[in-house]
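Hi,

Here is the structure I promised to pass on. Have a look at it first, and my notes follow underneath.

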Amino acid sequence: MADIAAPAYRIFPIIPALKPGAMENVRSFVANEKIQTAIGFPGQLVEDWHDKAIAKMGELLGKYRSLRVFMDACVHCGACSDKCHYFIGTQDPKNMPVARQDLMRSVYRRYFTLPGKMFPALVGARDLTKEVLDEWYTYFWQCSECRRCSVFCPYGIDTAEITMAAREILDTVGYGQKYSNEIIGKVHRIGNNLGLPGPALADTLEGLEEDVKDATGVDVRFPLDVKGAEVLLITPSADFFAEPHIDSLIGYAKVFHATGTSWTLSSMSSEAGNFGMFIGNYDQLRAIAMRIRTAALELGVKRIVIGECGHAWRVAYSFLNTLTGVGDGADANDRFAQMLQKQLDHRYKQPSHICEFTWDMIQDERLSFDKEKNDKHIITFHDSCNVARGSRMGNYAGGQFEIPRNIIRAVANNFVEMNPATTREKTFCCGGGGGLLTDDLLELRVKGALPRMEVLQNVVDEHSVNFMATICAICKAQFTKIMPIYGYDRRMVGGVHQLVSNAILLGDK
Ligand code: SF4
Ligand code: SF4
C-alpha cells in the first residue's frame with residue numbers, strides 16, 4: 001500500500017490525457033480450480049473455450065434482449081467516454097465505457113452479424129483469440145458495474161450489463177475471478193461473505209450487547225434466530241465486526257429498541273451482499289437470494305429489512321420479487337413464494353431498506369434525537385452507485401436520494417452537499433464496487449477513487465467537512481482503505497446509522 005501514491009487533484013470536470021496501456025498489467029487474481037469448482041464452474045480454462053464462449057454469448061444475446069440492443073445501438077458519440085471514474089483516474093483509454101463495450105462488441109460483430117462475418121476489418125470485428133479473452137478478463141474486471149456512464153448515454157446503453165455478460169462468459173469457460181468466486185463459495189458454505197460461522201456471530205452479538213450497555217446503560221438487544229420476530233434484518237456481514245460498519249449495526253439495533261420493534265438476525269442468512277450479481281450469473285444470484293427467503297420462512301417474520309449495503313439493496317429492490325417471491329411478483333406455481341406472501345405483512349413495503357424503516361419511524365414521531373451529539377461532525381453524503389442508479393426508496397422518484405439525507409438532517413445540525421455534478425444519479429463510484437474490493441486491484445481502487453476524493457476535498461476546503469456518510473458496506477471498506485492514501489483520516493467515513501446511533505435517545509417509546 002505504501003508504494004501506491006494518490007494521483008494529483010485537478011479542477012473538476014476534466015478530460016484526462018490518454019495513457020494507452022496504463023492499466024493493461026493490473027489484473028485481479030484468477031480463481032483456482034478449488035474455488036471455481038466449488039460453485040459449479042470449470043476449474044480452469046477449458047480446451048474448447050473458444051466455441052464455448054461464443055455459444056454462451058449467443059445464449060445470453062437470446063436471453064437478454066437488452067444485451068443485443070446494447071451491442072447494436074452504440075453510435076460512438078463519445079458522450080460516455082469521460083464519465084467513468086476508472087478512465088478519469090487511470091487515463092487508460094480502454095477504461096472509457098465505450099471502449100470497454102467495444103471489447104465485446106467487436107467479437108459480437110464477428111460472430112453474430114452478417115457484415116462482421118463477411119468483411120470483419122471494415123466493421124471493426126475481431127476473432128475471439130486468447131489475447132482478446134485475456135483483454136476481456138483485464139478490463140471487464142476494471143469495471144465496477146456502477147452504471148454512471150449509462151446516465152450520460154443518449155441510448156441508455158448500460159456498460160454494467162455488458163460487463164456482467166462478459167464475466168458470465170469468462171466463468172463459463174473456467175476463467176473466473178478469485179475474489180468474487182471465493183466469496184460466493186463462502187456464502188454457500190458458511191452463510192456470509194466474511195466466513196463468520198454461526199457460533200462466532202452469536203458471540204459477537206453478545207459482546208455488542210455488553211458494549212452498548214456499558215456505553216448507554218440500556219439493554220439494547222442484538223437477537224439471533226428468534227422465531228416469531230416481526231422484522232428479519234439482513235445486513236452485510238461487515239456490519240458484524242468491521243469498522244466503521246459496526247457502528248451502523250448498533251444504530252439499527254437502537255432504532256429497533258427505541259421503537260419497541262421485535263427483530264432478529266439470521267445465522268443461516270447472515271449476509272445481505274450478493275456477488276452473484278457482480279459475476280452476472282443468474283443461478284448464483286438466485287441461490288444466494290433464496291437464503292433470505294428460507295430464513296424468513298423458518299423464522300416466521302412479518303417484515304424483511306435490508307441494512308446499509310448498496311448492491312444488496314439493488315438486488316433486494318430490483319430482483320428479490322421475481323427471484324424469490326419476496327415482494328410483489330411471486331410465481332403462482334412456487335409454493336414457498338406463495339407461503340411467504342401469506343406470511344409477510346403487506347401493510348409494509350417488502351423488502352424495506354433500513355433507511356426507509358428509520359425515516360418512517362422519525363415521521364411517526366417514534367424516535368427522538370439530541371442532534372448536538374453530532375455537532376462535532378460537518379457531514380457530507382456520498383450516494384452509492386447501486387442505491388442511486390439501481391433502486392429507489394419510499395414511494396416517490398428520488399426517494400433513494402432524499403431519505404438518507406432526511407435522516408442525516410433529522411439527527412445532525414451540519415450537513416453540506418458535494419458538487420451536484422457528482423451526487424445523486426451522477427454520483428461517482430467509490431472505486432471498489434462490483435467485485436473489485438480486493439488488494440490485487442489496489443492501484444485501480446486508488447486511482448478510481450480520484451473523482452470522489454477531488455470533490456470531497458472541495459467541501460473540506462470550503463466548509464471544513466470532516467465526515468462523509470454513506471449507506472454501502474463496500475463504500476465504507478473502500479474509503480477506509482484508500483482515504484489515508486489521499487491524506488484523510490480513515491475515521492472520516494461512516495454510515496448514516498452511525499450518526500443515528502450517536503444522537504438517538506433511548507427512552508421508553
Ligand atoms: S459501469 Fe461504471 S465502472 Fe463500468 S464503464 Fe461505466 S462508469 Fe465505468
Ligand atoms: S454514450 Fe452511448 S452511444 Fe455514445 S459512445 Fe457511449 S455507449 Fe455509445
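The chain splits into three domains: domain 1 covers 33–176, domain 2 covers 192–355 and domain 3 covers 369–503. Bear in mind that this is a predicted model.

I looked at how domain 1 and domain 3 sit together. Their C-alpha centres are 30 Å apart, and the contact draws on 14 residues from domain 1 and 16 residues from domain 3. On the domain 1 side, the elements that supply two or more residues are α4 (85–90) and α8. The largest share there, five residues, belongs to α4. By class, this side of domain 1 has six nonpolar, five polar and three charged residues.

Next, the ligands. Which residues come nearest to ligand 1? Out of the 16 around it, they are Cys-84, Pro-97, Cys-143, Cys-146 and Cys-149. Three elements give two or more residues to that shell, namely α5 (97–112), α8 (148–152) and α9 (159–172). The most comes from α9, which puts in three residues. In terms of chemistry, the shell around ligand 1 holds eight nonpolar, three polar and five charged residues.

Ligand 2 has a different set of classes around it, if you want to put the two side by side: ten nonpolar residues, two polar and no charged ones. One run of the chain around ligand 2 goes through Cys-74, Val-75, His-76, Cys-77, Gly-78, Ala-79 and Cys-80. The other residues surrounding it are Pro-97, Val-98, Cys-153, Tyr-155 and Ile-157. So you'll meet Pro-97 in both places: it is among the nearest residues to ligand 1 and is also listed around ligand 2.Now for the strands. There is an open sheet of four strands, ordered β2-β1-β3-β4, with parallel pairing. Its edges are β2 (263–264) and β4 (352–353), each with a single partner strand, so one side of each has no neighbour in the sheet. Strand β1 (residues 231–234) is joined to β2 by two bridges, and the two run parallel. If you want to find that pairing on screen, start at Val-231, whose bridge partner in β2 is Trp-263.

The other spot I'd look at is strand β6 (residues 467–470). Strand β5 (residues 379–381) runs parallel to β6 and is joined to it by three bridges, with Ile-379 partnered by Phe-467. β6 also pairs with strand β7 (residues 493–495), again in the parallel sense and over three bridges. There, Thr-470 stands opposite Gly-495.

Are the faces of β6 covered or open? Both are covered: Phe-467 and Ala-469 are buried on one side, and Met-468 and Thr-470 are buried on the other. That fits the general pattern, since side chains in a regular strand alternate between the two faces of the sheet.

β6 and β7 also belong to a right-handed β-α-β unit, with helix α22 (residues 473–482) as its helix. Why call α22 largely enclosed by the rest of the structure? Because ten of its ten residues are buried. Those buried residues include Lys-476, Gln-478 and Lys-481, along with Ile-474 and Phe-479. Among the elements covering them are α12 (245–258), α15 (310–324) and α20 (442–448), as well as β6 and β7 themselves.

Shout if anything is unclear.

Cheers

Key
Residues numbered from 1 in each chain as written. Chains lettered and ligands numbered in written order. Predicted model: local features only at pLDDT ≥ 70, side-chain atom pairs only at ≥ 80, totals over all residues. Buried ≥ 20, exposed ≤ 12 C-beta atoms within 10 Å, placed from the backbone. Pairing = 2+ DSSP bridges. Right-handed = clockwise from strand over helix to strand, strands pointing away. Near = placed C-beta within 6 Å. Nonpolar A, V, L, I, M, F, W, Y, C, P; charged D, E, K, R; others polar. Domains from an automatic or database assignment. Contact = placed C-beta atoms within 7 Å.
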